[in-house]
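This report looks at contacts of aromatic rings and at a part of the surface. Please keep the sequence and the structure in view while reading.

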Amino acid sequence: MVTQIKIEKCDKPYCVIHTDVETDGIKAIAEKISRMDETGRTAMLNGWDGDYCIQVKQSEIFRIYSMDKKVYMETEKETLLLKLRLYEFEELAQNCGWTEFIRISNTDIVNFSKVTKLDMSLTGIVRVNFTNGKDAIVSRRYMSKIKNELLNLKHR
């Protein structure tokens, strides 16, 4: 496949594919490109609302959690079904360089760029408060991992 990069004034980068026939391979390439950000990393995730597939930007996700043997993606506006297991999302996030996603319990992975504060109570319960007013509970088992991850985020 021939590729070409043109430098020209535009609001944001865009891609045009020239082809004489639209094949499944070309459609797959276009779909992969449409999910990427300017760094070339995947920036979109598919969530499901019934029969509707909704693409969500990685930056819009507050948390990924499991409930009743299903995995959900919570955004500012809605909660969508995610057709991935939690460990599969963790692997995807790691492969895509989404370093702000940190597991806080067996059932929760949170986007720390959406966290306003960690609420430490006297009873030892740690609550993560999000910018949308919602919260999640941190498992004691994950506290040391979270501290290490937060230190790593601070040094980036």
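## Charges over rings

In this predicted model, the charged end of Lys-114 is placed over the ring of Phe-62, at 5.2 Å from the ring centre. A second contact of this kind involves Lys-83, whose charged end lies over the ring of Trp-48 at 4.0 Å from its centre.

## Aromatic pairs

A pair of aromatic rings is described by how far apart the centres are and by the angle of the planes. The model holds 5 aromatic pairs under the rule applied here. One of them joins Phe-89 and Phe-101, and because their ring centres are 5.2 Å apart and their planes stand at 80°, the pair is classed as edge-to-face, the cut-off for that class being over 60 degrees. This pair connects distant parts of the chain, since Phe-89 belongs to helix H2 (residues 86–96) and Phe-101 to strand S6 (residues 101–103), with the two positions 12 residues apart in numbering.

Phe-89 has a relative accessible area of 0% and is therefore buried, and Phe-101, at 9% relative accessibility, also counts as buried. Together with Trp-98, Phe-89 and Phe-101 make up one aromatic cluster.

## A nonpolar surface patch

Met-1, Ile-17, Ile-29, Ile-33 and Met-36 form a nonpolar patch of about 450 Å² on the surface. Of these residues, Met-36 is located in the loop that runs between helix H1 (24–34) and strand S1 (44–49). Its relative accessibility is 40%, so Met-36 is counted as partly exposed.

Conventions. Residues are numbered from 1 along each chain as its sequence is written. This is a predicted model: local features need pLDDT of at least 70, side-chain atom pairs count only at pLDDT 80 or more; totals for chains, interfaces and linings use all residues. Side-chain values use heavy atoms; hydrogens and water are left out. Patches are made of residues with over 30% relative accessible area and no salt bridge: like charges are joined within 9 Å, nonpolar side chains (Val, Leu, Ile, Met, Phe, Trp, Tyr) within 5 Å. Accessible areas come from the Shrake-Rupley method with a 1.4 Å probe; for residues, only the protein chains shown count as cover. A salt bridge is a side-chain nitrogen of Lys or Arg within 4 Å of a carboxyl oxygen of Asp or Glu. Helices (H or I, at least four residues) and strands (E, at least two) are DSSP runs, numbered from the N terminus. Buried means under 20% relative accessible area, exposed over 50%, partly exposed in between (1.4 Å probe, protein chains only). Rings of Phe, Tyr and Trp (its six-membered ring) pair if their centres lie within 6.5 Å; planes under 30 degrees apart count as stacked, over 60 as edge-to-face and the rest as tilted. A charge sits over a ring if NZ of Lys or CZ of Arg is within 6 Å of the ring centre and within 35 degrees of the ring normal.
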